[in-house]
Each structure stands twice: as C-alpha cells, then as structure tokens.
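Here are a few exercises to work through with the model open in your viewer. Try each task before you read the solution.

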Amino acid sequence: MILDDADISSAAAVLAGAECFLTGQVCSSLTRIVVSRNRHDELVDALSSNFSQVVVGDPFDVHSQMGPLATRRQRGRVEGFIAKGVEEGATLAAGGARPKHLDRGWFIEPTLFANVHNSSTIAREEIFGPVLSVIPADDERHAVTIANDSPYGLNASVFTNDIERARAVAGELRSGTVGHNAVRNDFGIAFGGFKQSGIGREGGREGLLAYLETKTVILDEPTARYRAGDPVPGLSQRS
C-alpha cells in the first residue's frame, strides 16, 4: 500500500529493485501495489522509469541486475499471465517481452501493468516472475479492502512517512508480515502467512511450538475434603 504522504520516487525504486531479486521468483514478493487514483499515474511513470534501466543478462556478469527465470516452463507460465493481463484490460506500461539482445536462456523483461482491477487474473494469482500490478483505490479505506481481498496473505508493506499510520494500517492487513517502506523479512522471528499462504510459523518462539508436545498434570490437594455439593476449586460454578 502506498499512502498519500509517501515519497513516490523512493517507493518506486524500492519496489522495482525488490521485484528484480531472483527475477521475481519469491513467495513474499510485493507484486500488487495499491495506490490512490490521484497518484496512480505518477507511480506508474516512476516504476516504468526504474524498470527501463534494469540490465537483464547473464547472472554471472557483474553488470547484470536481473537474470533469467528458472526454466523454460516457468517463462512460458509468466508469458501466459502477461497475455492474460492484456486480454483482461490492464494497461501494459513496461516490459512484457523477451529481451531482444538475448537469444538464449529463459529471460523476460521486468513487466509493469497499470490500471489493474483486483478481480483480474494477474491480481489474484501468484505469478512468480518479474511482474508488478498497480491497482488504483478511491481512498485509504478502499485500499485496505483491496489489499485484504486476496486468497493469499504472506507479506505486505505500507509506504508512508508516518510511522504511527504505518503501524495502524499494518494492524488492518491480513498478512503474516507487514513491512514499512520496504520489503522487510527477518527469519529469526516468526515468519508465515494467513489464508492460502500457509499454516504455522517458521522462526522465533512460534516456530518451535510445532515441535513441542504439551503435557497437563493435575494434582490432588491432600488437605482438601469435599462433600457432595461443595464447590470444587478450579471449576466455575453455576447457580
């Protein structure tokens, strides 16, 4: 979520850079970007500018900023989602094709869709490729509704200059992790998702609980003598 006080250029740089990490093949990637309608075009322009500067190439080349997808099959899957986005009416604002200077390998350009409706396929599915969708919202309340209207809930972020607003909005998001102004994960503490993003947690105290068995021991009180009808300690009584 991009709140109205957020710096658009900084947010775009962070989101574009994060999406190129592992060529977007990251379960916690921030692929749906919800922003108010009056800042939608500004954000799209900034993201497009960042994507246009990404050097796609051999991952062993120190100048490359994004490598290929893992397999031919995965590139075909990502291209299928891109085609579906165009078919369903989203605006292809950047990328969407295979880099012309690379004639081998499973490469795809970093891709940006604008004016995406939250009911569209590219907004509902996990693409696992370098594809971002910008979704316009009427206001902050509508943006929270859009953000939560997803079958998934692994990772999210709130971009704002106000840390208290970030905390408040984060509390409303149905996501296992919510970062502030960046993709923020710490696998030393609890990590996991809501909804179809999984059950349970990895890391931290919560991550240990799945490996533990709870034992309950209830001891008699040797000095206690009960008669029929007497209240029993530890049990609630009804009149």
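Buried means under 20% relative accessible area, exposed means over 50%, and partly exposed is in between (1.4 Å probe, protein chains only). Residue numbers start from 1 along each chain as its sequence is written. Keep in mind that this is a predicted model, where local features need pLDDT of at least 70, side-chain atom pairs count only at pLDDT 80 or more, and totals for chains, interfaces and linings use all residues; side-chain values use heavy atoms, with hydrogens and water left out.

**Exercise 1. Sort G200, L208 and T177 into buried, partly exposed or exposed.**

Step 1: G200 has a relative accessible area of 42%, so G200 is partly exposed. You'll find G200 in the loop between β8 (194–195) and α7. Helices (H or I, at least four residues) and strands (E, at least two) are DSSP runs, numbered from the N terminus.

Step 2: L208 comes out at 53%, so L208 counts as exposed. L208 belongs to helix α7, residues 204–209.

Step 3: T177 has just 13%, so T177 is buried. T177 is part of strand β7, which covers residues 177–180.

**Exercise 2. Work out which way the side chains of β7 point, and what T177 meets.**

Step 1: Walk along β7 and the side chains alternate. T177 and G179 point to one face and are buried, while V178 and H180 point to the other and are not.

Step 2: Look for the partner strand. Strand β6 (residues 155–158) pairs with β7 in the parallel sense over four bridges, where pairing takes at least two DSSP bridges between the strands. Opposite T177 stands N155.

Step 3: List the contacts, meaning heavy atoms within 4.5 Å. Leaving out residues up to four places away in sequence, T177 touches L154, N155, A156, R184, N185, F191 and G192.

**Exercise 3. Find out how far G200 and L208 are from A190 in sequence and in space.**

Step 1: G200 is 10 residues from A190 in sequence, and their C-alpha atoms are 9.1 Å apart.

Step 2: L208 is 18 residues from A190 in sequence, with 9.7 Å from C-alpha to C-alpha.

Step 3: Now check what G200 touches. Not counting residues up to four places away in sequence, the list is F191, G192 and G193.

**Exercise 4. Compare the settings of T23 and N181, which have positive phi without being glycine.**

Step 1: Phi is about 55° for T23 and near 60° for N181.

Step 2: T23 sits in the loop between α1 (8–20) and β1 (32–36). N181 is in the loop between β7 and β8.

Step 3: At a relative accessible area of 3%, T23 is buried, whereas N181 is partly exposed at 26%.

**Exercise 5. Why is the protein chain described as more spread out than a compact globule?**

Step 1: Count the elements: seven helices and eight strands.

Step 2: The radius of gyration is 24 Å, well over the 18 Å from the globule rule for 239 residues, so the chain is more spread out than a compact globule. That radius is taken over C-alpha atoms, and the rule is 2.2 Å times the number of residues to the power 0.38.

Step 3: Add the dimensions. The C-alpha trace spans about 90 × 40 × 30 Å along its principal axes.

Step 4: Finish with burial: buried residues make up 38% of the 239.
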